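Here are my notes on this one, in the order I'd go through them with the viewer open. Most of them concern the ligand and its surroundings, with a few backbone points at the end.

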Amino acid sequence: MNFPITRMRRYRKNSKIRDIVRETKLNKEDLIYPIFVKEDLKDGEKEAISTMPGEFRYSLNDCVEYAKELEAKGLKSIIVFGIPSAEKKDEIGSPAFASTGIVQRTVRKLKEETDLVIITDVCLCQYTSHGHCGLIEKNDDTDFGFEILNDESLEYLAKVALSHAEAGADIVAPSDMMDGRIQALREILDENGYYNTMIMSYSVKFASSFYYPFREAACSSPSAGNRKSYQMDPANALEAIREAELDIIEGADFLMVKPALPYLDIIKTIKDEFTLPLVTYNVSGEYSMIMAAIENGYLSEEAIMESLLSIKRAGADLIITNFAPYALDHL
Ligand code: PBG
Ligand code: ZN
């Protein structure tokens, strides 16, 4: 039927009609808030992150207090990022797997004082002196003179995941992009009785310039080179399917696509191909880009909910986003 019989605008007549025909809905349960906890900070001394307007690094206790506030507003899950004392960083990222590390202590307290689902980022880059996500070794056949070792790094990443599980993490989320890491994590968790600890794999993680504000926030920029030998080439879509497939075979419980907004096509592809719960990471650069535009008056705040909704519409089940506090207030 054509016009004038069919009129699409009938669906948009007023907000009541629009509400009942809306196809995609964002829920509070969909949101995962990434929180930065910094070992060196004293309570009451939260530190503004210069590259992320409105975001802060917290002391352990302040992090837990803020998490409680968000929980009261309806947040269900949180992902914890640790920033260790700079002088503790070493070649192998030891502070990442210390039982008294900043993440491990934070997780224990979050488990005691909240009912949130606690997710931890499993990686080495915030903890290594060189800022890479794995161990490194001199190798001239690389872009910048050293190789980020794959197999040798697995053992350390597994130790990190185990230490997080021991602290009580519900879900460990490896973001390093080494091959075989999901298998390595599943094995060490199971061997130690943590067969119910879930693995949220950063399965499809692109080597993106949109991580820049995060690296500033987490003090995790590589001191030399870049991450292109382990994170994916932004040009590749078919490769995303293989990455996800391998993670499923190795035992991942959740898949992830990261970043979100510049990769909505990949989110849709992974959602169509696989049945695992799909997480996407609306990364720091996406946050800061929109915040900067709002602060300058180029965009209105409505851009925030619209972009989160577009990520959900593309196929995401869960969204890790620094906009979670804002979204909780607007849902
Ligand atoms: C660490 C890690 C990064 C992010 C999450 N975990 C940075 C990176 O890989 O360089 C980025 C998150 C964001 O930009 O919000 N492996
Ligand atoms: Zn890393």
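1. How far is a polar side-chain atom of arginine 227 from an oxygen atom of ligand 1? The distance comes out at 2.8 Å. Bear in mind as you look at it that this is a predicted model.

2. Two other side chains belong in the same view. Arginine 215 places a polar side-chain atom 2.6 Å from an oxygen atom of ligand 1. For serine 284, an N or O atom of the side chain is 2.7 Å from a ligand oxygen. As for exposure, ligand 1 on its own would show 400 Å², and the protein buries 100% of that.

3. Now the wider shell. There are 17 residues around ligand 1, and those coming nearest are Lys205, Arg215, Arg227, Lys258 and Ser284. So that you can colour it by class, the shell splits into nine nonpolar, five charged and three polar residues.

4. Next, the space itself. How many cavities of 30 Å³ or more does a search of the whole structure find? Just one turns up. The largest cavity holds about 160 Å³ of space. Its lining is made of 17 residues, and Lys205, Tyr211, Phe214, Arg215 and Lys258 are the closest to its centre. Ligand 1 sits in this cavity.

5. The lining deserves its own class count. Around the largest cavity there are seven nonpolar residues, with five polar and five charged ones. Keep that list apart from the ligand shell, which has nine nonpolar, three polar and five charged.

6. Lys258 is worth a second look for its backbone. The peptide bond running from lysine 258 to proline 259 is cis, with omega near -10°. Proline 259 is in the loop between β11 (255–258) and α8 (264–273). Lys258 is also one of the residues that come nearest to ligand 1, and it is listed among those closest to the centre of the largest cavity.

7. Where else should you check omega? Phenylalanine 3 and proline 4 are joined by a cis peptide bond, and omega there is about 10°. Proline 4 belongs to the segment before α1 (15–21).

8. One last backbone point, this time on phi. Methionine 177 is a residue other than glycine with a positive phi, near 70°. You'll find methionine 177 in the loop between β8 (171–174) and α5 (181–191).

Key: Residues numbered from 1 in each chain as written. Chains lettered and ligands numbered in written order. Predicted model: local features only at pLDDT ≥ 70, side-chain atom pairs only at ≥ 80, totals over all residues. Heavy atoms only, no water. Near = heavy atom within 4 Å. Polar contact = N/O pair within 3.5 Å; in protein donor to acceptor, adjacent residues only side chain to side chain. Areas by Shrake-Rupley, 256 points an atom, 1.4 Å probe, with all protein chains shown as cover. 1 Å grid on protein atoms, 1.4 Å probe; cavity = no way out; pocket = protein on both sides within 12 Å on 5 of 7 lines; lining within 4 Å. Sits in = over half its atoms within 2 Å of the grid points. Points joined across faces, edges and corners; volume = space filled by probe spheres on them. Helix = DSSP H or I, 4+ residues; strand = E, 2+ residues; numbered from the N terminus.
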